[in-house]
Amino acid sequence: MSGIAKKLNRILKALSTQSAAPPDGETNVAGTALPQFDPVDAVPEKVEMTQVEHPDGRMSQYPPASKWNDWVEWDGRHWPKKVARRYHLVPTVCFNCESACGLLAYVDKTTFEIRKFEGNPVHPGSRGRNCAKGPATHNQIYDPERILYPLKRVGERGEGKWKRVSWDEVLDDIAARMRESRAKRTDGIMYHVGRPGEDGYTNRCIQAWGVDGHNSHTNICSAAARTGYYLWGGFDRPSPDYANAKVTLLISSHLETGHYFNPHAQRIIEGKMNGAKIITLDPRLSNTASMSDVWMPTWPGSEQTVLLSIASFLIQNDRYNKAFVKRWVNWQRTLEAIESGELPVDFHVSRNVTGDFEFEQFDEFLKSTYAEFTFERAAAESQVPVERIKEAAEYIAACEGRLAAHNWRSASIGNEGGWQVTRCLMFLNVLTGSVGTVGGTSGNSWNKFVPKPHSTPPPNDVWSDLLWPPEWPFGHYEMSFLLPHLLEEGRGDIDVYFTRVYNPMWINPDGFLWLKHLRNHDTIKFHVAMTPTWNESAWFADYVLPMGHSGERHDLMSQETHSGQWVAFRQPVRRVALEAAGRTINRTYEANPGEVWEEAEFWIDLSDRMDPDGSLGIRQWFESPYRAGELITVEEHYQWMFENSVPGLPFKAASEGLSPLEYMRKYGVFEIKAENYEPFENEVETDGIEVDGKQLKGFATPSRKLEFFSPTMHDWGWRELDYTIPWTLKSHVHPDNIDIDKGEMLLLPNFRLPTLIHTRSANAKWLYEISHKNPIWINPIDAERMGVVSGDLLRVETEIGFFIDRIWITEGIKPGIIAMSHHLGRWRLQEDSGVNPGMSNLVKLSENEKGEHQLNILESSRKWDTFDPDTSRIWWEDVGVHQNLTHAVHPDPVSGAHCWLQKAVNVRKAKPGENHGDVFVDTNKSMQVFEQWKAKTRSAASHSPDQTRRPYWLKRPLKPSKEAYQF
Amino acid sequence: MNYGFVIDNRKCIGCHACTTACKSENDVPLSVNRTWVKYVEEGQYPDVKRNFQVTRCNHCANPPCVKICPVTAMYQRDDGIVEFDQEVCIGCKACMQACPYDAIYIDPDTQAAAKCHYCAHRIDVGMEPACVVVCPEHAIISGDMDDPESEISRILADNDVTSRKPEQGTAPKLYYINGNENALDPLSTEPLPDTFIWSDVIQPDAGKQTTPTTSNGAVEAKASTRIAGQMVQVAYNAQHEAPWHWPVAAYMVTKAISAGIVMLLALIWGTGIGPFDPLTAIAMGIVAHVFIEITSLFLVFDLEKPELFLTILTRPNWDSWLAKGAYILIGYSVLLAVWIGVEIAGYNEVLVVGSLIRNIFLWSLFALAAATAVYTALLFGQAEGRDLWQSRYMALHLYVQALMAGAATMLIASPFFGWSNEFTVAVSASFALALIFDLGVCWLEFGSNHESKIAAAAAHEITSGRYRNLFWIGSLLIGHLLPLALIVAGLFLTGLAYPVAGLLALAGLYCYEHAFVMAPQRIPNS
């Protein structure tokens, strides 16, 4: 009768009650206790709130910025007892996805603990609003399992034995290793970033170190979409103007996830309320699909056909914007290509008397070439009712230049040849003239603003083959997910490997091969994991360095959330509040919980110690522009940018009597342009293109035009029309390759949830309470075929192994396809260390000498006792299955993207003895699959037209010197 | 001032931002929610839709939670916000039974009832609720519905809206634009699946599968056995524990025993059917008193904050039958104690108890005992969240059950007394009649149509669902038929037939009360 005992206890307690004394000064308890706040005598004033006027006419109210430095509010926890709190509201930027939404941290003015995060009303992207992940930032800060101090490995890699060390020790040790490496070579240091959360700061450091060492996660994310967009217009992401669209066409789930979920979802619905139609292509009923007017559950890989059938409908019926196409598309070059045979089509071209081509010929060419893409063919290939495709086509034809279209991951990252999805999608923007228009789709680079720092190191003369192997000259970008495979092939090694907010073993396909090399001291000689929270890969690192969450760090970010430009300033909010209260803080870790630091400052100190006397030429880039020869401070870095590189900011700040830095500290954001349409039509002095007698800016392609025919693809060996113009490419999961009768299915493994942050949510209790498991979505038809009912276990066999998970039966998934969210199935190897026990499985890893690996769950999530009573209230058990381990790598031969969709070679009900969460992988098969995909490539070594490694005009983060491009 | 909410389902994207913003603003613990987003999937591929419904307190104009709260911890402000005071709340959970919307929970930190309070602490300084501010889509609109110029008034004037269960008479002030019927009505979806779309489903009483009904009639099959076809399934929902458990069922039994003994003694002696016997009066009076004390202990024990139980007397809400009931219980137990004292004094010849005085005592006690037995029907009647408890037969049922329980206890006690034949016959006849009458009331209760489908669903849980064994075997067989058989047998046999019959009847009564208390709480209100 523990109930009775508990209640007796309560009665006894009530008799001897005394409440805990309120704190009477500064505390800093994150990671060790729940925050405490000081009650104050003040009473909240009724002041005029900041009204944010929304486009729908609505106003919402926020504390006015004039009161942010001293804001009194009742504490909701004690209500209706009136307990007042006094806060300093410090703006910062959310760090839980790349949208860079504004947050306001409520920092208690006595304890300097953070009470909550709300939206920043002056942020032009997020406009004061947030998704579920914004408020949950608070969970991350007060997470009981935070890493509070730098940790150094003392046992073997992965043994889980750590020693707390000082930042001083960390800096000296790592800097010495970097200096040693840099003295020998320029490709020995690698910075591998998952979530950058900033624009250019770290890249500049890497450039300053003189190495080719930037690695990213792009090739498991957006590489394919980027390739398609880039080939068209020299920008690699779309920036749709949803709010003003007549048609929003999504190959994505932008109403729940993705870049840039919250800002975009606001504007998509705004457009919808103004009458816009939403069309969504997705084999799964995403929340977005459910909100759409037309849901096209396409079979993956058929998206190009569907899009081209709509394009053909526009073309055949002369319902496309010929004036725009004539003005901005490289149609003459296309006709030239037909003439020269570069574009092998059955179409005859001729020149007029003046030797020029007529646009009508291009029109006829389009009509004849795309005639094969009928609605019926699209319906058959996509297995979507033909009426839906026709309905979508009608909407698009009537969009009047207001087609806002978006693809980021989804079909483009899913399928081999997926980069053609965005080419075909952008084709619709081009045909409807919805490029850069009001309600149309712009390029990201038009709306994203990255200010220049005080000095920029020159490009380096170095090319790392581990990052940019010659097989993928069109890779967008580094072949990051192949790193262990390239190491396995002996293509190099790494002296100092930084992972930063990145969990490569968990998130990438073929994780066991990552495991192999994360443990291998010969290939990855030294691994420094910089992370705000425990992750599976960091467990195998040599150093684990705790870095701040949003509200604990400086970063500058800008995103193309709409047709406008802004920069937002992420701030360590305790530091800002403490400094405002007169405290001197030299390093951000003095203000953060424990000794949690921030990268921006860490890099300065690290670079300084790497080159203390300046002999490597590194230190000069880290010297203050204000104090000659002295080391720059992080504040000076941004101060200089705000004073010199953000147009309009100094003026605006001065109008409020503030310095530019003070302005950004106060507001956290600055809007550079409220509107930004059709910048390619701007007149320029140089480097433009002549159109109708004027020098116009044009597009960032070699021709300055939108490249329908891509000479670059042709020149680099991709000569078939399937590659040079918007066309279809056969996916590796084409129905021809999936025999459902034989038990094969298509596994869609990479969809996201509105509440989770890739692999970084296991420190956010409110998010995990809503979403903690990733059951396999399965259509009742397939469930019936396999004889499984809701909650049964399914065994899914992939090319290289298998996993076992529960099922969720729903009509919201296309028959023949099973789908799983990619976030879940986090694990830890030690009972009480690593990822939170309530959010991870305790697992056992085992392997044999044949290269076969197993992961088995010893214990599902559980309650655990900490200072936070909530950890004893974990009520869920299933925290998902780590499926990515069983995915083979599928590097697309063009974009280099990992084609996420998996052929499930066998799907059946689990047998007795097969348990939830079991994972098995044969890494020999992994390498075989890698070889198969590598064989599809057309290496620059044999196909480059000019003995270079990559078309120079293509974007590359940290472009080295032109010389480095040469073989 | 009259605050309300509009949830615009044309805009809501089901992102759960409101959920976490609320948790943050109000420091809401894990395992409970003030607001959440229910997902309901319906249709057949490829004509499928997932509906999102922000679900929370409706700030009813006629809030049953306020009416039932015994200590006015739950109250309605002048501006229409239904607010709670966590320091006053004693944790009786009656408000959770009164709420037809699953909006109220017990906060595991404070042990007090809590729910959406419209962020009144923000409203009072001119700010909007946290969920309104965070919502990326402005799908949540708050404001003063008395002000014709307010945004919410304009929206309400321009749009058709629906609300959850308006038929409950609560006048909910949270209105949905494009409300989805299958999301609004918790009984129109298939039974709970074994998992949600991305979270665990907690099956209450794991192992005992529920078989609730739907609006279309009984669905006996498990959700998971649905094969391809029209789907109406809950994909995500907040989950709720039943607030009341065995102590409440036990309280009903002990209360019936006490009240029944006293009513029976009053009937037998007050009408002169049997001769007065002071020892029986004192002994059975003490037994009745012990049971009413146990009853009070159960009540206090069931409070989440038992140390505050006196609040119910110091700040009673005279609208609440819980408060009124507490006074009835006190009045009853005080009078009973006085009477016992008087009879003891009379027995010891300290004073003389005349028959007039005794009859005044007996009939006053009868009245208070009957009130003690029956007031629970009025209390349960205030539990607007449990339609089965609103049964028109409940008062009658409680009265009969009390007589039965009283008689049963007397039969159990009979071996210790040398009762007159008339007295024994009166007790056993009352027992048998009460059992037979009770069967009739059960038939009325479960054999006829119910006033609402919610009541019908709860009744179905009792007669055919997870409580069917308690009902058929425990209550009917063990609690009625076997005792009746033993009574008949007792006419020919001597010995323990009567006491055993009494014991069985009490056991059966507990089975019945347990089913009756638990089953309606298993019918989802959200």
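A residue is called buried here if 20 or more other C-beta atoms lie within 10 Å of its own, exposed if 12 or fewer do, and partly exposed in between, with the C-beta atoms placed from the backbone. The model is predicted, and local features need pLDDT of at least 70, side-chain atom pairs count only at pLDDT 80 or more, and totals for chains, interfaces and linings use all residues. Residues are numbered from 1 along each chain as its sequence is written, while chains are lettered from A and ligands numbered from 1 in the order in which they are written.

**Chain A as a whole**

Select chain A, in which buried residues make up 60% of the 967 residues. Colouring by secondary structure should bring up 30 helices and 36 strands, where helices (H or I, at least four residues) and strands (E, at least two) are DSSP runs numbered from the N terminus. Along the principal axes, the C-alpha atoms of chain A fill a box of roughly 100 × 70 × 60 Å. The radius of gyration of chain A is 28 Å, which agrees with the value near 30 Å for a compact globule of 967 residues; the radius is taken over C-alpha atoms, and the globule rule is 2.2 Å times the number of residues to the power 0.38. Of the contacts in chain A with a separation of 6 or more, 71% are between residues 24 or more positions apart, a contact being two residues whose C-beta atoms, placed from the backbone, lie within 7 Å.

**Two helix pairs that share α13(A)**

Next select helix α8 (residues 303-316) and helix α13 (residues 386-397) of chain A, whose axes come within 10 Å and cross at roughly 50 degrees. Axes are lines fitted to C-alpha atoms, for helices over the stretch in contact, and angles run from 0 to 180 degrees between N-to-C directions. The two helices are therefore oblique to each other, given that angles under 35 degrees count as roughly parallel, over 145 as roughly antiparallel, 65 to 115 as roughly perpendicular and the rest as oblique. Show side chains for A:V306, A:S309, A:I310, A:F313 and A:L314 in α8(A), which meet A:I389, A:A392, A:A393, A:I396 and A:A397 in α13(A). This contact has 9 nonpolar, 1 polar and no charged residues, where Ala, Val, Leu, Ile, Met, Phe, Trp, Tyr, Cys and Pro count as nonpolar, Asp, Glu, Lys and Arg as charged, and the others, Gly among them, as polar.

Keep α13(A) and add helix α12 (residues 375-382) of chain A, which packs against α13(A) at an angle of about 125 degrees with the axes 9 Å apart. Here A:F375, A:E376, A:A378 and A:A379 in α12(A) meet A:V386, A:I389 and A:K390 in α13(A), and the residues divide into 5 nonpolar, no polar and 2 charged.

**A loop residue**

Move to A:T523, in the loop between α19 (511-518) and β19 (527-531) of chain A. A:T523 is buried, with 21 other C-beta atoms within 10 Å. Leaving aside residues up to four places away in sequence, A:T523 touches A:L487, A:D493, A:I494 and A:H517; from A:T523 to A:D493 the C-alpha distance is 4.5 Å, across 30 residues of sequence.

**Chain B and the interface**

Finally, show chain B, with 17 helices and 13 strands and a C-alpha trace that spans about 80 × 55 × 35 Å along its principal axes. Of its 526 residues, 58% count as buried. To see the contact between the chains, select the 80 residues that chain A contributes and the 64 residues from chain B; the side of chain A that touches chain B has 36 nonpolar, 22 polar and 22 charged residues.
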